[in-house]
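Here is a short report to read alongside the sequence and the 3D view. Feel free to keep the viewer open as you go.

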Amino acid sequence: MKKISNRKIFIQTMGCQMNVYDSEQIFRQMSLSGYEPTDSIDEADIIICNTCSIREKAEQKAFSFLGRLAALKAVNPGLIIAMGGCVAQQEGYGVLRRLPHVDLVFGTHAISRLPDLVSSIKRRRCRLVDVEQAESIGPDDFLAKPGGNSEVTAFVTIMRGCDNYCSYCVVPYVRGRESSRHPDEVIQEIEKLVSQGVREVTLLGQNVNSYGKKEGLSSFSELLEKINKINGLERIRFTTSHPKDLSDELMKAFTRLEKLCNHIHLPVQSGSDRVLKRMNRRYTREAYLKKIEALRTLRPDVAITSDIIVGFPGESDEDFQQTLSLVHEVGFDGLFAFMYSDRPNAPAARYREKVAEQEKKRRLQQLLSVQSQYTLDSNRALEGSVKPILVEGTGKDKENRQSGRGLIWKGRTTCNKIVHFKTPDMQKDDNQILTGRVMDIMINRALPHCLWGEPVHMPSKVVKGAVCHAS
Ligand code: SAH
Ligand code: SF4
Ligand code: F3S
């Protein structure tokens with residue numbers, strides 16, 4: 001295919017939502033220097049892999065993706081290949097030694113310097129590493145989204161780094177010290193997103209409950225209150241909240257703020273006090289359960305999801321049974337479960353009594369099978385009810401081809417469950433009509449990972465063939 005520009009950038013994003021947001025920041029920074037995104041790796045003049053280091057497998061995935069690019073570089077020596085994100089921060093110069101075809105390694109605080117780094121590489125034909133970390137967030141660290149191509153939902157990072165030092169976790173080392181963005185900046189970013197068509201924002205931070213504390217800015221609940229007042233914004237979500245810092249004030253926000261969705265992700269990690277202590281989580285099983293009870297008393301329809309690590313060093317079968325019993329006791333609406341993995345610098349890497357891989361796998365399977373019933377039950381509990389669904393768009397092209405006549409749509413409940421519904425009378429050209437609307441959907445079928453339903457009525461403003469974002 002003939003190239004029209006030599007400024008095409010391809011970004012491969014791995015890891016968490018924060019990395020998804022960072023990849024958007026990378027695009028925004030590079031577009032200032034005239035770069036345009038491409039979905040085709042063969043067309044790209046710069047390939048960036050934005051990496052994750054949370055578990056060993058994630059790190060291996062990053063190296064194997066970049067390793068495969070050696071062949072492309074061999075046929076196109078002008079191609080710039082860069083590693084960004086958490087593995088880049090962790091490994092620094094080591095990446096250049098390990099991967100001779102990589103030109104640039106930039107850490108988690110270097111995104112605003114990326115255009116300069118790239119132009120230096122082009123000018124001086126050198127290889128560069130920038131893994132400098134700053135104490136606080138700089139004025140150019142976050143750029144607003146340029147217009148065009150708006151999505152219905154968006155992530156907004158409100159803080160960076162983490163000071164919690166859970167003993168298994170690499171994040172404090174690769175993301176640096178905790179620091180918060182000024183509330184005015186956050187509000188401005190959200191207002192701009194809303195003006196571009198965004199209806200739902202998810203506020204991101206490793207521990208949003210400590211937002212603003214260090215800097216003496218407004219508290220997280222105060223920030224939520226301000227965001228709740230933004231006209232045109234329909235829904236607010238946030239992630240992640242550390243159980244030790246989940247305040248009464250924040251719990252009450254779930255009853256006061258009408259835009260705050262009834263879902264909280266509250267990672268528990270383990271149900272055993274002995275393990276929680278060695279993980280340096282600084283709460284007990286009982287304290288966690290009390291917070292769950294308080295939340296459910298205040299907001300009975302709140303959906304609660306969590307993260308759990310199995311096979312932490314020294315986790316006995318008895319400890320694991322405690323985790324299973326906590327899962328039964330809470331009945332989570334959803335759960336992410338992980339096998340423990342040693343991480344560089346994290347103290348638990350040096351703990352003895354490692355649990356065998358086979359045993360970790362067994363525990364993971366058992367945990368997931370216990371949870372699957374609760375997830376299905378929580379989905380089934382919605383069958384027969386009518387829920388407001390924020391429509392994010394149509395299903396994948398393949399799904400829509402297979403569905404025969406009509407279109408399949410995808411949206412979410414306020415409690416963050418994915419809902420599909422079909423509009424038999426619509427065709428491919430109508431695939432924007434409902435996007436961004438809140439529709440009342442009768443839920444009639446619960447599956448393990450999603451729900452199916454049908455519109456109670458079609459909004460009166462929908463005219464076939466017209467594109468309309470208002471609800
Ligand atoms: N800040 C968030 C978590 C971010 S990391 C919080 O405190 O909840 C996402 C999840 O990855 C963690 O909740 C944990 O369950 C898992 N995780 C982190 N380090 C891990 C490790 N070394 N091995 C396995 N899972 C890990
Ligand atoms: Fe990691 Fe703990 Fe910080 Fe979460 S709170 S990012 S698990 S150190
Ligand atoms: Fe991974 Fe870094 Fe996020 S380690 S989970 S990409 S903060």
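The report below takes up the ligand surroundings and then a sheet.

**Around ligand 1**

Please keep in mind that this is a predicted model. Let us begin with ligand 1, which has 15 residues around it, with Gln206, Pro267, Gln269, Asp307 and Ser341 coming nearest. By class, this shell is made up of 7 nonpolar, 4 polar and 4 charged residues. Domain 2 (135–261) and domain 3 (274–279 + 289–380) both contribute residues to the shell, so ligand 1 lies between the two. Two strands, S13 (303–310) and S14 (334–339), each provide at least two residues of the shell.

The polar contacts listed here link ligand 1 to individual residues.

| Residue | Protein atom | Ligand 1 atom | Distance |
|---|---|---|---|
| Tyr168 | polar backbone atom | nitrogen | 3.0 Å |
| Gln206 | polar side-chain atom | nitrogen | 2.8 Å |
| Gln269 | polar side-chain atom | oxygen | 2.7 Å |

On its own, ligand 1 has 540 Å² of accessible area, and the protein covers 90% of that.

**Around ligand 3**

Gln206 turns up again here: the residues around ligand 3 are Cys16, Asn19, Cys52, Ser53, Ile54, Cys86, Arg175 and Gln206. Sorted by class, they come to 4 nonpolar, 3 polar and 1 charged.

**The six-stranded sheet**

Now for the sheet. It is open, has 6 strands in the order S2-S1-S3-S4-S5-S6, and pairs in parallel. Strands S2 (36–37) and S6 (128–130) stand at its edges with a single partner strand each, so one side of each has no neighbour in the sheet.

How enclosed is strand S4 (residues 80–84)? Buried residues make up 5 of its 5, so S4 is largely enclosed by the rest of the structure. Side chains of a regular strand alternate between the two faces of the sheet. In S4, Ile80, Ala82 and Gly84 point one way while Ile81 and Met83 point the other way, and all are buried.

The pairings of S4 can be followed outward in both directions. Strand S3 (residues 46–51) runs parallel to S4 and is joined to it by 5 bridges, with Ile48 standing opposite Ala82 of S4. S4 and S5 also run parallel, joined by 2 bridges, and Met83 has Val105 of S5 as its bridge partner. Val105 then leads on to the edge strand, since its bridge partner in S6 is Val129. In total, 3 bridges join S5 (residues 104–106) to S6, and these strands run parallel.

Definitions and conventions. Residues are numbered from 1 along each chain as its sequence is written. Chains are lettered from A and ligands numbered from 1 in the order in which they are written. This is a predicted model: local features need pLDDT of at least 70, side-chain atom pairs count only at pLDDT 80 or more; totals for chains, interfaces and linings use all residues. Side-chain values use heavy atoms; hydrogens and water are left out. A residue is near a molecule or strand if one of its heavy atoms lies within 4 Å of it. A polar contact is a pair of N or O atoms within 3.5 Å; within protein, one must be able to donate a hydrogen and the other to accept it, and residues adjacent in sequence count only if both atoms are side-chain atoms. Accessible areas come from the Shrake-Rupley method with a 1.4 Å probe; for residues, only the protein chains shown count as cover. Helices (H or I, at least four residues) and strands (E, at least two) are DSSP runs, numbered from the N terminus. Ala, Val, Leu, Ile, Met, Phe, Trp, Tyr, Cys and Pro count as nonpolar, Asp, Glu, Lys and Arg as charged, and the others, Gly among them, as polar. Domain bounds come from an automatic or database domain assignment. Two strands pair if DSSP finds at least two bridges between them. Buried means under 20% relative accessible area, exposed over 50%, partly exposed in between (1.4 Å probe, protein chains only).
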